[in-house]
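Please look through the structure below with these notes beside it. They take up one helix first and then several pairs of charged side chains.

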Amino acid sequence: MSRPEDTLYADVHYDDVEARKYTTSSRIQNIQASMTRRALEILDLRTPSLILDIGCGSGLSGEILSSVPEEEGGPHVWIGMDISPSMLDVALQRDVDGDLFLADMGQGVPFRAGSFDAAISISAIQWLCNAESSDTSPATRLSRFFGGLYASLKRGGKVVCQFYPKNDVQKQMITSAAVKAGFGAGLLEDDPETKNMKVYLVLTAGQAVAGKAGDITNVVEGMDGVDVQDNRRKPQKGGRGEIKKGSKLWIIKKKEQMERKGKVVKATSKFTGRKRRVQF
């Protein structure tokens, strides 16, 4: 059976008919609510927070965020972004509490740096693994998304993305893109090896906690079925405890910073950072 993201773009698939059908399905409502509560459980927010809902659709997840009781750290304020005008139109008709933005997450996250305490995404980021056009690759869309998301979060901010990967290649592609953007990343699988399996990407926009090098997220400690990954290179320190200016690692780091700002940079090669021979 084909998946919708393999055949159509999200804004085309979720037209007026599909958007209303999705929102009024009691089965989808229950599943969406369950996964949103699970995401909040993983986030473990202790105080009311400003949350970005990525791929918010018609606001089903946002309703859960708004209804978190005070004794559980809520209610939360949320802002939703989605690529489908039809989905957002249904959200407006339902008079949801959050502010809504029409935006393609594959083009980045269009908010001021450090705006959000946390972010969630339910059943959305797998769409990034498919090219929207012949001149835009999934790797580029993933890089723009995670780079923009990292910038939009306060340092130490947490993210939980529930998604439906097609295979292990997509899992690795998504996780690697998040790590490259600077996140600490962990994968959590509920009900593994069953048809009801749910995959959650757990991210943190900050440094590893001292004494907990094996759990860079500081979120998933003690949870079963969690694979914590940190593929970032260990910095090569100079005499003053910093990466040596002009070294290959310093140049790569600067390139990644520029890419996260949406700038075009030259590809890294074996010649990057290599000193030129003196010419006579």
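1. This is a predicted model, and a good place to begin is helix α3, where E18 and K21 stand three residues apart and are therefore separated by about one helical turn. In an α-helix there are 3.6 residues a turn, so residues three or four places apart point the same way. The side chains of E18 and K21 do in fact meet in a salt bridge, with 3.4 Å from N to O.

2. Are these two residues buried, partly exposed or exposed? E18 has a relative accessibility of 24% and counts as partly exposed, and K21, at 48%, counts as partly exposed as well. The reason lies in the cut-offs, because a residue is called buried when its relative accessible area is under 20% and exposed when that area is over 50%.

3. Helix α3, which spans residues 16–24, also has buried residues, namely A19, Y22 and T23. These cover an arc of only 95° around the axis, which means that they lie on the same side of α3. On the other side of the helix, V17 and T24 are exposed. As for what covers the buried residues of α3, the covering parts include α4 (26–43), α5 (60–66) and α6 (85–93).

4. Helix α5, one of those covering elements, brings us to another charged pair, for the side chains of E63 and R94 meet in a salt bridge of 2.6 Å, N to O. This pair links distant parts of the chain, since E63 belongs to helix α5 whereas R94 sits in the loop between α6 and β3 (99–102), 31 residues apart. E63 is partly exposed, with a relative accessible area of 36%, and R94 likewise counts as partly exposed, at 28% relative accessibility.

5. A further salt bridge joins the side chains of R141 and D104, at 3.0 Å from N to O. R141 lies in helix α7 (residues 138–152) and D104 in the loop between β3 and β4 (116–122), so this pair ties together parts of the chain that are 37 residues apart in sequence. Here both partners, R141 and D104, are buried.

6. How many salt bridges does the structure hold? There are nine of them, and the pairs discussed above are among them, including the one between E18 and K21. Please also look at R38, E41 and D190, which are linked with one another in a network of salt bridges.

Conventions
Residues are numbered from 1 along each chain as its sequence is written. This is a predicted model: local features need pLDDT of at least 70, side-chain atom pairs count only at pLDDT 80 or more; totals for chains, interfaces and linings use all residues. Side-chain values use heavy atoms; hydrogens and water are left out. Buried means under 20% relative accessible area, exposed over 50%, partly exposed in between (1.4 Å probe, protein chains only). Helices (H or I, at least four residues) and strands (E, at least two) are DSSP runs, numbered from the N terminus. The arc is that of the directions from the helix axis to the C-beta atoms. Contact means heavy atoms within 4.5 Å. A salt bridge is a side-chain nitrogen of Lys or Arg within 4 Å of a carboxyl oxygen of Asp or Glu.
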